[in-house]
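Here are some short exercises to work through with the model open beside you. Try each task before reading its solution.

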Amino acid sequence: MQMKSPYPYWFIAPAAVVFTALFLVPTAASFWFSLTNWDLFGFQFIGFENFVDFFREPFLIKGTTNTIIFAVLTSAAKTVLGLLLAVLLTSGLFGQGLLRSIVFFPVLVSTIGVGILFTEMMHPTDGAINVALAFFGIDGPGWLTNPKLALYSVALVDIWRGVGLATLIYIAGLAAIGQEYYEAARIDGATRFQLFWRVTVPLVRPATTTVIILSLIGGLRLFDLIWAMTRGGPGFSSDVLASVVYKQYQAGFYGLSTAGNVILFLLIACIIAPLAWWFNRRELDL
């Protein structure tokens, strides 16, 4: 039997080395250190005690609930708005090249910079948003100081910042749809809405899968924008799992915070893996 040549594997070796060094090794180390009580000078193996303590954290349930709400809300909004904007920006609209740049521009801005900017704009008395509302006689709310609004205010900012990437993905998906599908539907007397619902939506399903998966992953692990705008407050009303983990790290509970990171990793994997499998299965059934 002829031996298979190892030559092709040399092409993937550099990527495999980088992937192992930057992902597999840190992931394995995180799982190990989550079972220890560690600091910069050493560690002590304590088994699953960190996980038990983490689940006893009084605001863990609140942080988990906020994480899921935030991820689902922002992902759904980016998917819907991204598709609608993509259809609009590929319809031959005047100046659509400039409009595409404007829509995509927030994606290029630093998340921390966006957080600081909107923190000032959402100030309850001096913020530009409430000042503009006051001009029309509307008493603006405390966007970031009201416990009932803080999480949703950050979600709105995240949607504004991320919808440009969703739009770009959908524009690429729309460009791949052959015009013969639309021509055949028009011959059959399809209206504009029917063209959108019966032709566009089904045929951009691969783009929809990409947008939903990327948005959910980003929403589930989001930390920087929430920390820049609310630091999990007021109180713990806008805490998410990532901010709970960071607060444990700040307090010096390194093993506990590592266990929290492992829990967050497993949560993302348990949500994304079945969802990606389901979406891919539906695409194969088309």
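**Exercise 1: the hairpin**

Strands β1 and β2 form a hairpin with 2 residues between them. This is a predicted model, in which local features need pLDDT of at least 70, side-chain atom pairs count only at pLDDT 80 or more, and totals for chains, interfaces and linings use all residues. Residues are numbered from 1 along each chain as its sequence is written, and side-chain values use heavy atoms, with hydrogens and water left out.

Task: find how many bridges join β1 to β2, and which residue of β2 is the bridge partner of Trp-38.

Solution:
- Strands (E, at least two residues) and helices (H or I, at least four) are DSSP runs, numbered from the N terminus.
- β1 covers residues 36-39 and β2 covers residues 42-45; they run antiparallel and are joined by 4 bridges.
- Two strands pair if DSSP finds at least two bridges between them.
- Across the hairpin, Trp-38 has Phe-43 of β2 as its bridge partner.

**Exercise 2: two helices crossing**

Task: work out at what angle the axes of α4 and α7 cross, and which residues make the contact.

Solution:
- Take α4 (residues 96-108) and α7 (residues 150-175): their axes come within 6 Å and cross at roughly 125°. Axes are lines fitted to C-alpha atoms, for helices over the stretch in contact, and angles run from 0 to 180 degrees between N-to-C directions.
- α4 is therefore oblique to α7. Angles under 35 degrees count as roughly parallel, over 145 as roughly antiparallel, 65 to 115 as roughly perpendicular and the rest as oblique.
- The contact (heavy atoms within 4.5 Å) involves Arg-100, Val-103, Phe-104, Pro-106 and Val-107 on α4, and Trp-160, Arg-161, Gly-164, Leu-165, Thr-167, Leu-168 and Ile-171 on α7.

**Exercise 3: an unusual loop**

Task: look at the loop between α11 and α12 and find what phi Arg-231 has.

Solution:
- Most residues other than glycine have a negative phi, and most peptide bonds are trans.
- Arg-231 lies in this loop, and its phi is near 55°, a positive value.
- Pro-234 is also in the loop, between α11 (224-229) and α12 (241-250).
- A cis peptide bond joins Gly-233 to Pro-234, with omega about -5°.
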